[in-house]
Amino acid sequence: MTRSLAVTFNALSLYAVALVLAAAFAAQLLLHELPCPLCLLQRIQFAVLAIGPILNVRWGPRPSHYALSLLAAVAGAAFSTRQVLLHIMPGDAGYGTALLGYHYYTLALLAFIAAIVLLAAMLLFDRQFEEDGAAQVVAPGAFAMSAVWLVIALTALNVVSTLLECGFAACADNPLVYELLKR
């Protein structure tokens, strides 16, 4: 796999992360379901997962960039697993509305597992890491940069939303109102 193809795959992964963040944000706004603290941790991990591809798009693929995303995916899988286990008992309706028969945290767990597998697969292609003395880092194209800014914008919106929801204190276990907007 060439460096340019690797950058394209990294841009596609950023669009996938943007889709996840946008879907969670849309569910929050359209279904009026405020995310719980574990949901917020999972969103943070999706944003951190995007840092590796952003670095790969900007400075070219490096194993350390993939490793950063891999660590974020493992942490996100741990948070998601914790929430799945909280709602595994028969009769427990789960937290929030189900999408395609699964709650957000279950879908997040599947997404984090898929990310772990895909990141490991990307690390198998050594040619993307080869340095060509004559080649310099080429500026990423509009497709890749749009993905970068989309993820950054969605992350910023989620940060603002979380601040409105939790205020300057610990978030409620079962949030019902935006703390900073209830006055």
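**Exercise 1. Start at a loop histidine**

His87 sits in the loop between α4 and α5; helices here are DSSP runs of H or I with at least four residues, strands are runs of E with at least two, and both are numbered from the N terminus. Before working on it, note that this is a predicted model, where local features need pLDDT of at least 70, side-chain atom pairs count only at pLDDT 80 or more, and totals for chains, interfaces and linings use all residues. Residues are numbered from 1 along each chain as its sequence is written, and side-chain values use heavy atoms, with hydrogens and water left out.

Task: Work out how exposed His87 is and which residues it is in contact with.

Solution:
- Step 1. Get the cut-offs straight: buried is under 20% relative accessible area, exposed is over 50%, and partly exposed is in between (1.4 Å probe, protein chains only).
- Step 2. His87 has a relative accessible area of 23%, so it is partly exposed.
- Step 3. Now for contacts, meaning heavy atoms within 4.5 Å. Skip the neighbours within four places in sequence, and His87 is in contact with Asp92, Gly94, Tyr95 and Tyr105.
- Step 4. For a sense of distance, try Ala139: it is 52 residues from His87 in sequence, and their C-alpha atoms are 46 Å apart.

**Exercise 2. Size up the whole chain**

Task: Describe the fold, the box and the surface of the protein chain.

Solution:
- Step 1. Count the elements: the chain has six helices and zero strands. Along the sequence that reads α-α-α-α-α-α.
- Step 2. Put a box around the C-alpha atoms along the principal axes, and you get roughly 60 × 40 × 25 Å.
- Step 3. Check burial: 34% of the 183 residues count as buried.
- Step 4. Look at who meets whom. Among contacts with a separation of 6 or more, 75% are between residues 24 or more positions apart.
- Step 5. Add up the surface (Shrake-Rupley method, 1.4 Å probe; for residues, only the protein chains shown count as cover). About 10,300 Å² is exposed, with carbon and sulfur atoms supplying 73% of that.

**Exercise 3. Find the core**

Task: Which residues have the most contacts inside the largest nonpolar core, and which helix supplies its largest share?

Solution:
- Step 1. A nonpolar core is a set of buried Ala, Val, Leu, Ile, Met, Phe, Trp, Tyr and Cys residues joined through side-chain atoms within 4.5 Å.
- Step 2. The largest one has 28 residues, and those with the most contacts inside it are Leu14, Val17, Phe46, Leu49, Val57, Tyr66 and Phe112.
- Step 3. Five helices each supply at least two core residues: α1 (3-30), α2 (37-49), α4 (63-86), α5 (104-123) and α6 (142-166). The largest share, seven residues, belongs to α1.
- Step 4. Zoom in on Val17: beyond four places in sequence, it is in contact with Phe46, Leu49 and Ala50.

**Exercise 4. Two polar residues in helices**

Task: Are Asn10 and Ser80 buried or exposed, and what are they in contact with?

Solution:
- Step 1. Asn10 lies in helix α1 and is buried, at 4% relative accessibility.
- Step 2. Past its neighbours within four places in sequence, Asn10 is in contact with Pro53, Asn56, Val57, Tyr66 and Met122. Its C-alpha is also 7.6 Å from that of Ile54, 44 residues apart along the chain.
- Step 3. Ser80 lies in helix α4, and its relative accessible area of 0% makes it buried.
- Step 4. With neighbours within four places left aside, Ser80 is in contact with Gln42, Tyr105, Ala108, Leu109 and Phe112.

**Exercise 5. Sort the cysteines**

Task: How many disulfides are there, and which cysteines are joined?

Solution:
- Step 1. Count a pair of cysteine sulfur atoms within 2.5 Å as a disulfide. That gives one.
- Step 2. The pair is Cys166 and Cys171, with S to S at 1.8 Å.
- Step 3. The torsion about their S-S bond is about 100 degrees, so the disulfide is right-handed.
- Step 4. Cys166 is buried at 7%, while Cys171 is partly exposed at 23% relative accessibility.
- Step 5. Cys36 is buried at 6%, and Cys39 is buried at 7%.

**Exercise 6. Positive phi in the loops**

Task: Where do His32 and Leu100 lie, and what is the phi of each?

Solution:
- Step 1. Most residues other than glycine have a negative phi.
- Step 2. His32, in the loop between α1 and α2, has a positive phi near 55 degrees. His32 is exposed, at 68% relative accessibility.
- Step 3. Leu100, in the loop between α4 and α5, has a positive phi near 60 degrees. Leu100 is exposed too, with a relative accessible area of 74%.
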